[in-house]
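This report describes how the chains of the model shown below meet, and then turns to one sheet. Please keep the sequence and the structure at hand while reading.

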Amino acid sequence: CDQNNDIKLIRIGHGLDTNHSVHKAMIMVNNQLLRLSDGKMKLEIYPNQQLGSERECLELLQIGSLDLTKVSAAVLENFAPKVKVFGLPYLFENKEHYFKVLDGPIGKELLEEGEKYLFKGLGYYDSGSRSFYSREKKIEKPSDLNGLKIRVQESNTAFEMIRSLGGSPTPISWGELYTSLQQGVVDAAENNTPSFYLSKHYEVCKYYIVDEHNMIPDVILSSTNLWNNLTINERKWLQEAVNLSIPFQRELWIKSEEESMRAIINSGVEIIYPDKDLFKKASLTMYDKLKKDTEINDLIARIKDEKIKN
Amino acid sequence: MKKLRIKIDLFIEKVLVLLLSAMVLNVLYQIFTRYFTSNPSSFTDELSRFLMIWLGVLGAAYVSGKKKHVSINLLQSKLGHQFKKNIEIFVSIILIIFSFNVLVLGGFNLVYITFVLDQYSPSLNLSMSIVYSVIPLSGILIIFYEMCNNLK
Amino acid sequence: MEIFPVLILIISFFVLTFAGTPIAWGIAISSTLTIIFSIPFLPSLTTIAQQMATSLDSFSLIAIPFFILSGKIMTYGGIAKRLIDFAKSIIGALPGGLALINIVSSMLMGAIAGSAMASASAMGSIIGPEMEKEGYPKEYGAAVNITSATIGLVIPPSNILIVYSLASGGVSVAALFLAGYIPGILTGIFLMIVSIFIAKTKGYKSTVKTSLLLIFKKFIIAFPSLFLLFIIIGGIVSGFFTATEASGIAVLYTFLLAFIYKEIKFNDFSKILLEASITSSIVMLLIATSMSMSWVISFENIPQELSNFLVNLSDNKLIILIIINLFILFVGIFMDITPAVLIFTPIFLPIVQSIGIDPIQFGIMLVLNLCIGLCTPPVGSVLFVGVGVAGTSIEKVFKPLFPLLISMIFSLFLITFFPKITLWLPEIFNLYNP
Ligand code: NA
Ligand code: NA
């Protein structure tokens, strides 16, 4: 038992399956951490919501009983309001623009945003772009969303976004969504391709509409409690290990997107590629509403600016 | 103390009845808005969950005071009167220690964290510290009830 | 394996429980004692408090207080009585008729309200005295009442299946509800066969007279009550509303019905609401503290260790299933059904899924198995209620209980090894996709 005391055990909880790119990336973090620290630091991974939902894990970070976690930026916005910028529709021009912002000074600034709230961001994993899927109705333009009950995540920004596009946002928990779609409690939902596939929602939906309305990254967070208790070297190793896992996860993610898309097509779901500009135009009302919020507005302007610079 | 207890009991009873009724009406309203309006309510889901946290935790304290939580008294019924009495006091002390540490201290810490860190619920925009405040409140109630039950 | 946390957890739980600490608090206290050895003091306490609150933060759980409430309204509002009369007209004339009425009524009542304890106390207090009048021994009546009350936990709607859905991370409540029908009815039939057999050997006769006309009359009277069943299950399966919303509709419907029957006055409702909140709080505290214990168990990595142990023991599907069933039977003897489902689902579900068992089937198997434990001493909430209502003792009830328990175990055996019994209905309604 004595040798155990020399090893720093770091606990990380997340809500995804062990086959998910995020879990595989965490295994890589562990391997890198063991290598960099010469076996002095080790990661214990708790997958599948064993320690609770993303929201609960974030609270556990603040409480100080969990060290690391991965949450969607959509969940983060209830804890660190500035982060809600990621929930805005068509914020990024394309994937390049998206990664440029995440890996640049703005992304870094938002990672540090959490420190007031007792957690610290270590990096962004990719979680693709989100699109609509519907059980019966063919959606080709925003007006097709009128009156449709669309399941959204628990986030005010997500609610507003659906409203701006003309749909009726309906809160249903992720676990209840399959049967709700099957039985028509809701008409449509939205998510990235791998989630659409892995949740088997494709079994009960006829259409996948690639409107790619937003890109919400996953964020790796450390509790400040852990961070403050690490030596300078230990912090460096942990950050380095996470950094090394980021390109690995993003590569895996692309692969899983491709695989899921193939599987969905094979299962007979019709893929619709609508005119994205129509959706983009419709969503502008949401930006108008945010005009009063100077902090967010400033952030939006800086993000748009990144694209022009190059 | 006895009079105070009766007053508190009556008050909690009213609150419990109110919470449960509100939950029922809230869910019925949710069904109504989904079928009869074009704008399904976005807050009812969250509201009923928060009402349930209050109902469950506050009710648990009330039930604790009335000694109605399920327990096993097989061993106790086979023991002598004095020994039984001692064990009952032992259980009471354990419960008070637990309530003080976990419900009052831990619960208050949770309220404090969510308050200081400005944590709001997604759709009602309600401070989570209000939702969690029922935990330390119930902790205090349980300690009060245990004292009443043993001091009479 | 880290044996230290496991030992603290188990020993402290047993000491507290047998000292007479309420089980729910015992669970919370032993969880706290375990976790303070792994993480600092204040975070430990805060985490337990947080887990208690967030475990109630679930929309599907709201169905539980609602079904409890509608069950109370049924009992007070004359709805339960009408169901019993209907059951009496169908099977009352068979040997041991009153015992059979108790079983069928429990199945009907269980099919409308989700709680076994409500069913045990309602049926026990209404049919129990009649059985005694006709010369059945009190103990036998209580035994029949106790076992049959638990079937309501398998026949939908069922609160414990909602709890299982939560613990399993979202198995569809609608699918679980449909899956429960055949296993529940099957178990009821086995109980009836045993009762008829006992009645014949002991010479219990029936004095109930019946005719087709009477059955029809009683059916008409019971129809509005039976119609509730159609609204709830039909509403859920057709997608008109979710399980939680259906439970809200059940409250509204029983409320209106009781009002029309004029058996309760408007003023009685605050009393009924209070009783329902109290019963709900008892269940909610068990859920809250069990979820905290489940969190602590996960945190200490106990599920992985146990699953490695089991998988290394054998790779034969049947043997693993038998071991798990025996283990759950043992757990059920000492633990109430709600904490057992919440604590052991996360442990066993990944194991059985890895050997190809569907989570829906496992849910029904787990619940039926734990129903047996509800009828056995030392910890059996339905047993306590049933014995209390009948005014007899646990020691006396055990003998007549025994053959009935055997028939439940037989039913469990069939449901474990023939997945079709469970999965056929959900498959027909397209709620299960293999
Ligand atoms: Na039932
Ligand atoms: Na038992």
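## Interfaces and a sheet

Between them, chain A and chain B bury about 1700 Å², of which 51% lies on carbon and sulfur atoms; buried area is the accessible area (1.4 Å probe) that two parts lose on being put together, summed over both. The model is predicted, so that local features need pLDDT of at least 70 and side-chain atom pairs count only at pLDDT 80 or more, while totals for chains, interfaces and linings use all residues. Residues are numbered from 1 along each chain as its sequence is written, chains are lettered from A and ligands numbered from 1 in the order in which they are written, and side-chain values use heavy atoms, with hydrogens and water left out.

On the chain A side, Asn78(A), Glu154(A) and Pro171(A) lose the most area to chain B, together 25% of what that side buries. The rule finds zero salt bridges across this interface, a salt bridge being a side-chain nitrogen of Lys or Arg within 4 Å of a carboxyl oxygen of Asp or Glu. By class, the side of chain A that touches chain B has eight nonpolar, six polar and six charged residues; Ala, Val, Leu, Ile, Met, Phe, Trp, Tyr, Cys and Pro count as nonpolar, Asp, Glu, Lys and Arg as charged, and the others, Gly among them, as polar.

The table gives the residues in contact (heavy atoms within 4.5 Å).

| Interface | First chain | Second chain |
|---|---|---|
| Chain A and chain B | 20 residues of chain A | 19 residues of chain B |
| Chain C and chain B | 53 residues of chain C | 53 residues of chain B |

Chain C and chain B bury about 4800 Å² between them, 80% of it on carbon and sulfur atoms. In chain C, the residues that lose the most area to chain B are Trp25(C), Phe59(C) and Glu245(C), together 13% of what that side buries. One salt bridge is found across this interface: the side chains of Asp57(C) and Arg49(B) meet at 2.5 Å, N to O. The side of chain C that touches chain B divides into 37 nonpolar, 14 polar and two charged residues.

Chain A also holds an open sheet of five strands in the order S2-S1-S3-S10-S4, with mixed pairing; strands (E, at least two residues) are DSSP runs, numbered from the N terminus, and two strands pair if DSSP finds at least two bridges between them. Its edge strands are S2 (41-46) and S4 (119-125) of chain A, each pairing on one side only. S4(A) pairs with strand S10 (residues 218-223) of chain A in the antiparallel sense over six bridges, and Gly123(A) stands opposite Ile220(A) in S10(A).

Definitions and conventions:
Helices (H or I, at least four residues) and strands (E, at least two) are DSSP runs, numbered from the N terminus.
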